[in-house]
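Colleague: Please take a close look at one part of this model for me, the small sheet and whatever packs on it. Then set that part in its surroundings.

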Amino acid sequence: MTSPDPSDNHTPLADLLQASDRGHTEPDRDRLAELRRQTLAAFQASPAPTQPRRNPIMSFLRNHRALASAAGLILVASVALVVFHTNSASVAWADVRQSIQGMRTATFTLQVRHGGHMDYTAKVYYKAPGLMRMEREGVTTVFDWTQGKVLGMMHEERFAFISVVADTGNPFHKDWLSELQQTVADEEAQAMGTRRIDGRELAGWRIQLPPDESGGMDTLTVWADAHTGQMVQAEFAGPTESMTFSDFRIGAEIDDEKVSLTPPEGYTVQETKFSAAEPSLNDVARLLRFWSTAYGGKFPPSLASHKFPIDARKIDWQSQISSEEQAQAARMAISRSFWLLNSRGDWRYPGAGKATGSADQVVFWMPDDEGPGRVQAIFGDFSVRAIPESDLPAQQD
Amino acid sequence: MATRMNTGPYDTPDALAAALRDGDADAWLALYDRYAQRLWREVARRLGPGHPDVGDVVQEVLLAAARSAKGYDPKRGSPWAWLVGIAKHYVAGRGRTRQRELRLAWEWWQRLDGRTRLWMSGQQEAPPDVLESSELAVLVRATLDTLPLEQQLLLTGRYLDDRSAKDLAEDLGQSPGTVRVQLHRARNAFRRSFDRLAGSGQTTESEAAR
């Protein structure tokens, strides 16, 4: 029997949980004894590891989210024509793996899909150790993972920012392509046959990714030239999100200038120490206050982070910012807002397209971590209040 | 500071990982003896008690763990979290909470028509027939499935295995203080998710199947 928990007076949590535990859950001891012998044999027969494993996917997602927060994203759709075949591969996985493990430079096209829709695409340049450049329409971002630094450049405005990310468990200190190399080295791959992409015959292998408590991606599928063994495409797939690295060119020549964290001549440069700590709904309210000026006093139709840099050109900044200190505070609030929006999946935005100003209309809400049955809500006049979940209008979920 | 574990000479995750990496058979057996039975119960809960595949899934999980144990990296989580992480993966492939089953459970909950209100607000004991119902178990399991693995482990460890904050800290390689804070968040997350699931009946296929 579980002892009473003083903080658990509001709902019968123990009762509820114990309801899921009724019935037979006791181990079959004979079977476990036999399994003990079998697993020992499997353990002893398993190969020695090459290096400690890390999960490249969550690292990527963390970086992706930080990137989204720091730079915003531009959407350009493109889809490759793919014809599936089931012929057996003519190259060995060992050859493909070797080519990936030997990668020091690479270029590829990144496509991220969420919920079946294209989220964004980018041209990516990678140079070991830990330098990466992502180019999207009008926005270029350069990462130096070893230093935890990001350079973002908005070319039309000739504006650049340099951010150092703190308080996030140093997500930038992970070079996710080198982690990809480790995963390929450590995990077993299952042959997927061949298929033809853009007239080229590719052999495929699928790796079941190690489960991670944060979820995310389930499989990595690598497609390599069926004749040379050079990887040309990698696909990460999860229940709701997928990422494709296509037109992969290992060994591509990349000038140091491409991955330099020095902005070009003539750019206005701002440096920010971006802290992801404690983002709050006040930050999101601040973001909405700015963003709605781009829509003539209406809330933006979407809070997708890749839309923001486009709309930023239409925002009336001057009406709300009159000093560099205020500008800095605004940048921090916006950065934290996108961190929150990209890192939580439980918020709702019923205010899309509605006029600003109403003190009674909930335009954004998310569950209140500190109060069961309550939500934190932003109202049309940008005020922030905690309210009972039951007070939310039904259509607002 | 490394969290200490009750696995004989391999008393920290780092020490255990090092021994496993070296192919130390005793290290594997220490890990097995410590967690195999708990893992069986955990899998049984996740699939649903009495599910015919429990033994097979446990076997697949433990064999997979044995084959990859030399690469176990304590930076990715405690041994228990690592094992349950593997189990979650296999359970998801076998015992997905079917949408229809969840829909029926939700409809059952709606038919209770407020009988649970006083209980849910902590003002009354639970109706015994509700507690015993398989539909409630489906709702609770589906709710747990929507939470991050660490929160699931905290809640099942605390409320089903009656483990203390100190025990949970050892399970998850964290300090007891951190565990208390996370347990508080896990409780809130569970309540929210249960309210959402039972209240609205709105769950996606992926939520139900995770």
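Modeller: What follows starts at the sheet and works outward. Keep in mind that this is a predicted model.

The sheet first. Three strands of chain A form an open sheet in the order β14-β15-β16. The pairing is antiparallel. β14(A) and β16(A), the latter spanning residues 384–388, stand at the edges. Each has a single partner strand, so one side of each is left without a neighbour in the sheet. The twist averages 35° from one strand to the next.

Now the pairing of β14(A) with β15(A). β14(A) covers residues 362–367, and β15(A) covers residues 374–379. 5 bridges join these two antiparallel strands. For a register check, find A:Trp365: this residue stands opposite A:Ala377 in β15(A). As for the kind of bonding, strands of a sheet pair through backbone hydrogen bonds, either parallel or antiparallel.

How well covered is the edge strand β14(A), and how many of its residues are buried? The strand is mostly covered, with 6 of its 6 residues buried. So β14(A) lacks a sheet neighbour on one side, yet its residues count as buried.

Next, the loop between β15 and β16 of chain A. A:Phe382 lies there. Its phi is near 75°, a positive value in a residue other than glycine. A:Phe382 is buried, at a relative accessible area of 14%, because the cut-off for buried is under 20%. Compare A:Asp247, which sits in strand β12(A), residues 241–250. Phi of A:Asp247 is near 50°, again positive in a non-glycine residue. A:Asp247 counts as partly exposed, at 34% relative accessibility.

What lies across the sheet? Helix α6(A) does: it lies across β14, β15 and β16 of chain A. The helix runs at about 25° to β15(A). α6(A) spans residues 281–291 and is mostly covered. Of its 11 residues, 8 are buried. They are A:Leu281, A:Asp283, A:Val284, A:Ala285, A:Leu287, A:Leu288, A:Phe290 and A:Trp291. A:Asp283 is on that buried list too. A general point helps in reading the list. An α-helix has 3.6 residues a turn, so residues three or four places apart point the same way.

Another strand of chain A is worth a stop. A:Thr219 is found in β10(A), residues 219–225. A:Thr219 is buried, with a relative accessible area of 13%. Leaving out residues up to four places away in sequence, A:Thr219 touches A:Arg206, A:Ile207, A:Gln208, A:Leu209, A:Glu235, A:Phe236 and A:Ala237.

Now the surroundings. The largest nonpolar core has 83 residues. Those with the most contacts inside it are B:Trp28, B:Trp109, B:Leu136, B:Leu155, B:Phe190 and B:Phe194. Helix α2(B), residues 25–47, gives this core its largest share, 14 residues. A second, separate core has 36 residues, including A:Val91, A:Tyr126, A:Ala128 and A:Leu220. In general, nonpolar side chains of soluble globular proteins tend to be buried together.

B:Phe190 touches both chains. Beyond its neighbours within four places in sequence, B:Phe190 is in contact with A:Leu13, A:Leu16 and A:Leu17 on one chain, and with B:Val140, B:Thr143, B:Leu144, B:Leu147 and B:Leu155 on the other.

The two chains also meet through a helix pair. The axes of α2(A), residues 29–45, and α2(B) come within 10 Å and cross at roughly 140°. That makes α2(A) oblique to α2(B). The crossing is right-handed. On the α2(A) side, the residues that meet α2(B) include A:Leu32, A:Leu35, A:Leu40 and A:Phe43, along with A:Arg29, A:Arg31 and A:Arg36. On the α2(B) side, B:Trp28, B:Leu29, B:Tyr32 and B:Trp40 are among them. B:Trp28 is thus listed at this helix contact and among the residues with the most contacts in the largest core.

Last, chain B as a whole. Chain B has 12 helices and 0 strands. Of its 210 residues, 61% count as buried. Among its contacts between residues at least 6 apart in sequence, 66% join residues at least 24 apart.

Conventions. Residues numbered from 1 in each chain as written. Chains lettered and ligands numbered in written order. Predicted model: local features only at pLDDT ≥ 70, side-chain atom pairs only at ≥ 80, totals over all residues. Heavy atoms only, no water. Buried < 20%, exposed > 50% of the residue type's maximum accessible area, 1.4 Å probe, protein only. Helix = DSSP H or I, 4+ residues; strand = E, 2+ residues; numbered from the N terminus. Core = buried A, V, L, I, M, F, W, Y, C linked by side-chain atoms within 4.5 Å. Contact = heavy atoms within 4.5 Å. Pairing = 2+ DSSP bridges. Axes fitted to C-alpha atoms, helices over the stretch in contact; angles between N-to-C directions. Parallel < 35°, antiparallel > 145°, perpendicular 65-115°, else oblique. Left-handed = near helix turned anticlockwise from the far one by under 90°.
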